[in-house]
Amino acid sequence: PSRSQVVFTPGLWVPLAIVDNVHILPGVPTLFQQMLAHYASTTLASIGLRFYRRLVRTTQRESEIATLLEEIQNAHKNDGIKIGSYPNWDAKTGRQVIISVVGRDEEKVKEVWHVLMKSVEGATQADLKDQHFPDIAVQAKGT
């Protein structure tokens, strides 16, 4: 359609499709991550959009922390903070949930991250470097 846009990522065969304000990405995690990293580091950074992300890992069940996450999200909804939780099975540590805190205000992201670290007895972001959750361009600073 005339309102659509196609963005190609070098080395990938599948494009990012944009129709109005809807961005359509593939469901394959590796393709999704590469495309998002490319798009964020080129397009978003060039127009001055900056996003920051902090990750927390916990061994608590997602069902055990769902109400807490909802309360924290609601407390910060006017701050532009988004919280996501992603259950995962790690061969070394067993059950875990990765919690993502994303926003455009770096200090607010850190504030919520600190609250979550204490609340869910979480592991630090540095401990997550070996996981399949890279800090893809959500920290695109344009420099």
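Here are some notes on how the strands and helices of this predicted model fit together.

1. Start with the sheet made of strands 4, 5 and 6. It is an open sheet of three strands, ordered 4-6-5, and the pairing is antiparallel. Strand 4 and strand 5 are the edge strands, each pairing on one side only. If you ignore direction, neighbouring strands here are turned by 20° against each other on average.

2. Now for strand 6 itself, residues 94-103. How many of its 10 residues are buried? Eight are, so strand 6 is largely enclosed by the rest of the structure. The cut-off behind that word is a relative accessible area under 20%.

3. Next, the partners of strand 6. Strand 5 (residues 82-90) is joined to strand 6 by nine bridges, and the two run antiparallel. If you want to trace the register by eye, Ser 85 has Ile 99 in strand 6 as its bridge partner, and Pro 87 stands opposite Val 97 in strand 6. With strand 4 (residues 52-58), strand 6 pairs over seven bridges, in the antiparallel sense. There, a handy marker is Arg 54, which stands opposite Val 101 in strand 6.

4. Then look at the helices against this sheet. Helix 2 lies across strand 4, strand 5 and strand 6, and runs at about 165° to strand 5. Helix 3 also lies across strand 4, strand 5 and strand 6, running at about 5° to strand 4.

5. The two helices also pack on each other. As a reminder, a packed pair of helices is described by the angle between the axes and the distance between them. For helix 2 (residues 62-75) and helix 3 (residues 106-119), the angle is about 160° and the axes are 11 Å apart. That makes helix 2 roughly antiparallel to helix 3, because angles over 145 degrees count as roughly antiparallel. The crossing of helix 2 and helix 3 is right-handed.

6. Which residues of helix 2 and helix 3 meet? From helix 2 you have Leu 68, Leu 69 and Ile 72, and they meet Val 112, Val 115, Leu 116 and Ser 119 in helix 3. By class, the contact of helix 2 with helix 3 has six nonpolar residues, one polar and no charged ones.

7. There is also a sheet made of strands 1, 2 and 3. This open sheet of three strands has the order 1-2-3, with antiparallel pairing. Its edge strands are strand 1 (4-7) and strand 3, each of which pairs on one side only. Neighbouring strands of this sheet are turned by 20° against each other on average, direction ignored. Strand 1 and strand 2 (residues 16-19) run antiparallel and are joined by four bridges. To find your way around, note that Ser 4 stands opposite Val 19 in strand 2.

8. Last, a residue to click on: Ile 24, which sits in strand 3 (residues 22-24). Its relative accessible area is 45%, so Ile 24 is partly exposed. Setting aside neighbours within four places in sequence, Ile 24 is in contact with Pro 15, Leu 16 and Ala 17. Val 6 lies 18 residues away from Ile 24 along the chain, and the C-alpha atoms of these two residues are separated by 9.7 Å.

Notes
Residues numbered from 1 in each chain as written. Predicted model: local features only at pLDDT ≥ 70, side-chain atom pairs only at ≥ 80, totals over all residues. Heavy atoms only, no water. Buried < 20%, exposed > 50% of the residue type's maximum accessible area, 1.4 Å probe, protein only. Pairing = 2+ DSSP bridges. Axes fitted to C-alpha atoms, helices over the stretch in contact; angles between N-to-C directions. Parallel < 35°, antiparallel > 145°, perpendicular 65-115°, else oblique. Left-handed = near helix turned anticlockwise from the far one by under 90°. Contact = heavy atoms within 4.5 Å. Nonpolar A, V, L, I, M, F, W, Y, C, P; charged D, E, K, R; others polar.
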